[in-house]
Amino acid sequence: MTDQKAPKSEQTRTLILETALRLFQERGFDKTTMRGIAKEAGVSVGNAYYYFESKEHLVQGFYDRIGAAHLAAVRPILDHETDLQKRLAGVLTSWLDIAAPYHEFASQFFKNAADPESPLSPFSPESEAARKTAIDMHREVLAGAKTKVPDELADVLPELMWLSQMGLVLYWVFDRSPDSEKTRKLAQRGAQLTTRGIILARFRVLRPLVREVHELFTDFLPGMAQTAVSRPGRKRASDPDAGPEEGPEVGP
């Protein structure tokens with residue numbers, strides 16, 4: 001339902017998006033056309049294209065909506081919980097709750113999102129805002145936990161945690177267990193494993209390994225590379241000017 005207090009342009013945009021999401025659920029993504037969305041929404045085709053350049057850009061609107069709903073859902077956890085594993089598990093399972101109504105047609109999205117040239121790809125320039133919102137959420141997961149991480153890994157770990165979440169999303173797309181039960185169990189196990197890894201990363205002898213894993217992803221995933229390049233002062237483990245590696249000290 002559109003917000004009657006919102007500006008008319010925002011009401012129209014919301015109406016088109018909500019209509020599209022309903023038709024995606026009823027007819028499937030591939031069988032839904034921009035013309036059909038415009039007709040159902042009671043707007044002209046030109047008006048629909050004014051707000052959304054294509055069906056793919058409509059899905060970007062869906063991503064933004066999911067991200068905003070997710071952030072609102074996890075706010076009580078991030079504001080009050082300090083246990084790292086519970087914070088991370090809360091973020092992952094809350095996303096599953098928010099996305100549950102769209103599970104049936106998620107696989108149709110994935111067919112397009114798997115194309116590296118598609119604006120639906122989580123690593124595309126069009127997905128940058130949604131990607132940044134999710135990574136910032138993981139950054140807050142770490143910042144508010146009683147388990148502290150080294151400053152040098154403060155930028156690296158949230159991005160790796162987001163990549164782990166993308167793996168969970170992929171599993172969820174194809175999970176047909178009741179209420180995505182298997183994915184929910186994976187989220188809990190993943191939060192436990194990630195927490196153990198972060199605790200180990202506090203030891204200096206393991207920090208170069210964490211940075212190298214992150215470097216691997218930034219070298220081969222375009223969205224991660226864009227994120228890394230935009231960070232000021234980034235140094236790669238392989239850079240000759242990066243300085244000597246830390247010694248085998250094992251203190252936190």
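Here are some short exercises on this predicted model, each with a worked solution.

**Exercise 1. Confidence**

Find out how far the model can be trusted, and which elements have the lowest and the highest mean pLDDT.

*Solution.* Start with the whole protein: its mean pLDDT is 83, and 84% of the residues reach 70 or more. Next, go through the elements. Helix 11 (residues 222-229) has the lowest mean, 51, whereas helix 5 has the highest, 96. Then look at residues 232-252, where the pLDDT is below 50. In the model this stretch has 28 contacts beyond near neighbours in sequence. Keep a general caution in mind here: where pLDDT is low, the predicted coordinates should not be read in detail.

**Exercise 2. The largest pocket**

Describe the largest pocket: what is its volume, and which residues and elements line it?

*Solution.* First, the volume: the largest pocket holds about 850 Å³ of space. Second, the residues: 35 of them form the lining, and Y63, W95, P122, M166 and V169 are the closest to the pocket's centre. Third, the elements: two or more lining residues come from each of helix 4 (55-80), helix 5 (84-99), helix 6 (106-113), helix 7 (128-143) and helix 8 (156-174). Helix 8 gives the largest share, with eight residues. Finally, sort the lining by chemistry: 26 residues are nonpolar, seven are polar and two are charged.

**Exercise 3. The largest nonpolar core**

Work out how many residues the largest nonpolar core has and which of them have the most contacts inside it.

*Solution.* The core has 58 residues, and F24, I37, L58 and W172 have the most contacts inside it. Now trace where the core comes from. Helix 1 (8-27), helix 2 (34-41), and helices 4, 5, 6, 7, 8 and 9 each supply at least two residues. Helix 8 again deserves a look, as its ten residues are the largest share of this core. To finish, zoom in on F24: leaving aside residues up to four places away in sequence, F24 touches F29, T32, I37, K55, V59, F105 and F109.

**Exercise 4. Two residues in one loop**

Decide for D179 and for S180 whether the residue is buried or exposed, and look at the sign of each phi.

*Solution.* Place them first: D179 is in the loop between helix 8 and helix 9, and S180 lies in the loop between helix 8 and helix 9 as well. D179 is exposed because its relative accessible area is 59%, over the 50% cut-off. S180 has a relative accessibility of 9%, under 20%, so S180 counts as buried. Beyond residues up to four places away in sequence, S180 touches H103, W172 and D175.

Now the backbone. As a rule, most residues other than glycine have a negative phi. D179, not a glycine, has a positive phi of about 55°. The phi of S180 is also positive, near 50°.

**Exercise 5. T195 and its surroundings**

Establish where T195 sits and what it touches.

*Solution.* T195 belongs to helix 9 (residues 181-201). Its relative accessibility is 7%, so T195 counts as buried. Not counting residues up to four places away in sequence, the contacts of T195 are L84 and Q85. Last, compare sequence with space: T195 and R87 are 108 residues apart along the chain, yet their C-alpha atoms are separated by 10.0 Å.

Terms used
Residues numbered from 1 in each chain as written. Predicted model: local features only at pLDDT ≥ 70, side-chain atom pairs only at ≥ 80, totals over all residues. Heavy atoms only, no water. 1 Å grid on protein atoms, 1.4 Å probe; cavity = no way out; pocket = protein on both sides within 12 Å on 5 of 7 lines; lining within 4 Å. Points joined across faces, edges and corners; volume = space filled by probe spheres on them. Helix = DSSP H or I, 4+ residues; strand = E, 2+ residues; numbered from the N terminus. Nonpolar A, V, L, I, M, F, W, Y, C, P; charged D, E, K, R; others polar. pLDDT = per-residue confidence, 0-100. Contact = heavy atoms within 4.5 Å. Buried < 20%, exposed > 50% of the residue type's maximum accessible area, 1.4 Å probe, protein only. Core = buried A, V, L, I, M, F, W, Y, C linked by side-chain atoms within 4.5 Å.
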